[in-house]
Amino acid sequence: MPSRADNAKLTADQLQNMAALIEASDDAIIGKTLDHVIISWNRGAERIYGYNAQEVLGRPIWFLTPPERRIEVEEVYAAVTRGERVDRFETSRITKDGRFIHVSMVISAARNDEGQVIGHLTLSRDVTQEKERQQELARLSESVENRRVVLETANRVALDILSSRTGVEALRHIADAARTLSGAQYAALGVASADGKGLTEFVTVGLTPAEEAAIGPRPRGVGVLGHLLTRSEPLRINTLQEHPSSTGFPPNHPPMESFLGVPIRRGDTVLGSLYLTNKRNAGAFTEADELAVLALGSHAAVAIHNLQMLTRQRSLVSGLIRAQEEERRAVAYDLHDGLTQFVMASHAHLESFRRAHSAGNEDKAGRELEQGLRYLKEAVVESRRLVNGLRSLALDDLGLAGALEQLVAEEKARAGWTDAELIHNIAERRYDKGLEAAAYRVIQEALTNIRKHAQAKQVRVVLLEEMGEMERPMLSVEVRDWGVGFVPEDAARLEDHVGLQGMVERVSLMDGAFEVTSKPGEGARVRATFPVIEAAHDEEEIE
Ligand SMILES: Nc1ncnc2c1ncn2[C@@H]1O[C@H](COP(=O)(O)OP(=O)(O)OP(=O)(O)O)[C@@H](O)[C@H]1O
Ligand SMILES: [Mg+2]
């Protein structure tokens, strides 16, 4: 029930007097009639709204009210007129210079002696700054909260990467954090393939397994997702299907409207993207969402990079183990085909020697002994060759050029090439052991690859020391074949094949440059260029 005691009882005169009394108030105090005509205007009002009393007295009050607020304000006046209690409320008003300000306002009824309501007294205070501070505070606490989500995700992702084999969990956690940060219904993370033209990994969050199954195969990275891989800036779209790059959704795809795509970059390379769709409770994603997800994106970049390194390391290690196995098997074959054959042959001749000797056939005995000793000598040579091969002593003993001559000759015989030449200008030249080993191993693997994959007849190895830029001597290595050729980009993606990758690593460890060029049908060319490192003097041979 409205109570009259709630409202001030003032006559028109008293209203004026009252206004005069509070002339000095900081608040805006405005008296007006029931018809909304202003009849008093204090200095506070002048200060807050910018008009002086002469400009406004006698005018209807509505020039202060934003048009869309007018009905609301009229209802408040009506309620006060009816004697209802109206609490302090906040609204916006327009100042003389056209600014919108937030005011906190109280309205009371002005009554005559009979208690009839004859007008209103409004008291308003400019709370714009307070409001802005509140919003700033909210923004701050949101950004603190966002940072917490980002850091927590970064930590969790680091653990994921170390503990899981595939790292898909890590990607899923990042996508999930992006979803939280941006208030999206669905999130996904795509990892770009090495050539940056498609996606190798695509994880989603927000879809039920049934929904995911119904959608069918993962996107390949065409349409909007592909478009995003080519740009380094975030992309916000209000309605996905209206975007020029959209290729539409497959059937059974849940409806997706608003979209935020954030590229995950490391330097200039786009490693992948975060995709967010369907902003909750609102039409579109905002710039603040974009910034929050971008911060996460830089952590995601580190995660993806680590993941790639780890995958590569794992495949290198398993490649090494495989190589070791292969080497063991090769040693077994070599022992069987080489050493064992010589020893057996020698044994057989020595047996014949004994028989011939005890039969008194000294001629034959002499020949058999000769043969037996010859095979034994071969066996010694062969065993030395084996030891050299295992410990790569050839390189230490013969130097790079000498060891390569031996290697090329051996591979030629083994692979059955008709033509294998080695051209070089480094006879007798010795280098740093690491450099010699790197060059040797790169050439060795390139020759093995030719033998295994190229079906070539002709092979050429060129090894030249030349003066490079800034008078820096460089050692360049080129292994060329005229075999079936291949597509280097495809080979780079073979995860369990470590030959080419190993070459890249070896060369980069020596600060060199590496390049493979090949096309199907045109053979292949492997090139490595190393800065020359001289042999250290104290690296003299230790027996
Ligand atoms: N000279 C070449 N001619 C034709 N194809 C080649 C040649 N060199 C490499 N390749 C192709 O590149 C792929 C990758 O080579 P890489 O040396 O990395 O692995 P791999 O030889 O298959 O296995 P690994 O070296 O790990 O034992 C090969 O599988 C082959 O298809
Ligand atoms: Mg290989």
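How many residues has helix 12, and how far does this helix reach from its first C-alpha to its last? In this predicted model, helix 12 covers residues 433–454, which makes 22 residues, and reaches 30 Å, close to the 32 Å expected at 1.5 Å a residue. Helix 12 serves below as a point of reference, but the chain as a whole should be introduced before it.

The chain is divided into domain 1 (4–126), domain 2 (130–309) and domain 3 (393–543). The centres of domain 1 and domain 2, taken over C-alpha atoms, are separated by 51 Å. A pair of residues gives another sense of scale: R47 and Y375 are 328 residues apart in sequence, and in space their C-alpha atoms are 116 Å apart. R47 belongs to helix 2, which spans residues 43–49. Is R47 buried, exposed or partly exposed? R47 has 13 other C-beta atoms within 10 Å and is therefore partly exposed, since the exposed class ends at 12 and the buried class begins at 20.

Helix 4 offers a shorter example of a helix whose span can be compared with expectation. Its twelve residues, 70–81, reach 16 Å from the first C-alpha to the last, close to the 16 Å expected at 1.5 Å a residue. After helix 4 comes G83, with a positive phi near 90 degrees.

The interior may be considered next. The largest nonpolar core contains 39 residues, and the members that touch the most others are I174, A178 and L274. Several elements give two or more residues to this core, among them helix 5 (128–163), helix 6 (168–182), strand 10 (269–279) and helix 9 (287–358). The surroundings of A178 illustrate the packing: apart from neighbours within four places in sequence, A178 is in contact with A187, L274, L276, V293 and L296. There is also a second, separate core of 33 residues, which includes Y431, V442, V459 and F530.

V442 leads back to helix 12, where V442 is one of the buried residues. Others in that group include L435, E436, A438, A439, I443, A446, L447, N449, I450 and A454. In general, an α-helix has 3.6 residues a turn, so residues three or four places apart point the same way. Directly beyond the helix, Q455 follows with a positive phi near 50 degrees.

Helix 12 also takes part in the surroundings of ligand 1. The ligand is surrounded by 18 residues, of which N449, A491, H497, G499 and L500 are the closest. Two elements, helix 12 and helix 14 (499–509), give two or more residues to this shell. The largest share, five residues, comes from helix 12. Sorted by class, the shell has nine nonpolar, seven polar and two charged residues. N449 thus appears in two roles, as a buried residue of helix 12 and as one of the closest residues to ligand 1.

Two loop residues complete the tour. Most residues other than glycine have a negative phi. E471, which is not a glycine, has a positive phi near 60 degrees, and lies in the loop between strand 12 (458–467) and strand 13 (473–481). With 6 other C-beta atoms within 10 Å, E471 is exposed. D511, likewise not a glycine, has a positive phi of about 65 degrees. D511 is found in the loop between helix 14 and strand 14 (513–518). Why is D511 classed as exposed? D511 is exposed because 11 other C-beta atoms lie within 10 Å, and the exposed class takes in residues with 12 or fewer.

Conventions. Residues are numbered from 1 along each chain as its sequence is written. Chains are lettered from A and ligands numbered from 1 in the order in which they are written. This is a predicted model: local features need pLDDT of at least 70, side-chain atom pairs count only at pLDDT 80 or more; totals for chains, interfaces and linings use all residues. Helices (H or I, at least four residues) and strands (E, at least two) are DSSP runs, numbered from the N terminus. The expected span of a helix is 1.5 Å times one less than its number of residues. A residue is near a molecule or strand if its C-beta atom, placed from the backbone, lies within 6 Å of it. Ala, Val, Leu, Ile, Met, Phe, Trp, Tyr, Cys and Pro count as nonpolar, Asp, Glu, Lys and Arg as charged, and the others, Gly among them, as polar. A nonpolar core is a set of buried Ala, Val, Leu, Ile, Met, Phe, Trp, Tyr and Cys residues joined through C-beta atoms within 7 Å. Two residues are in contact if their C-beta atoms, placed from the backbone, lie within 7 Å. Domain bounds come from an automatic or database domain assignment.
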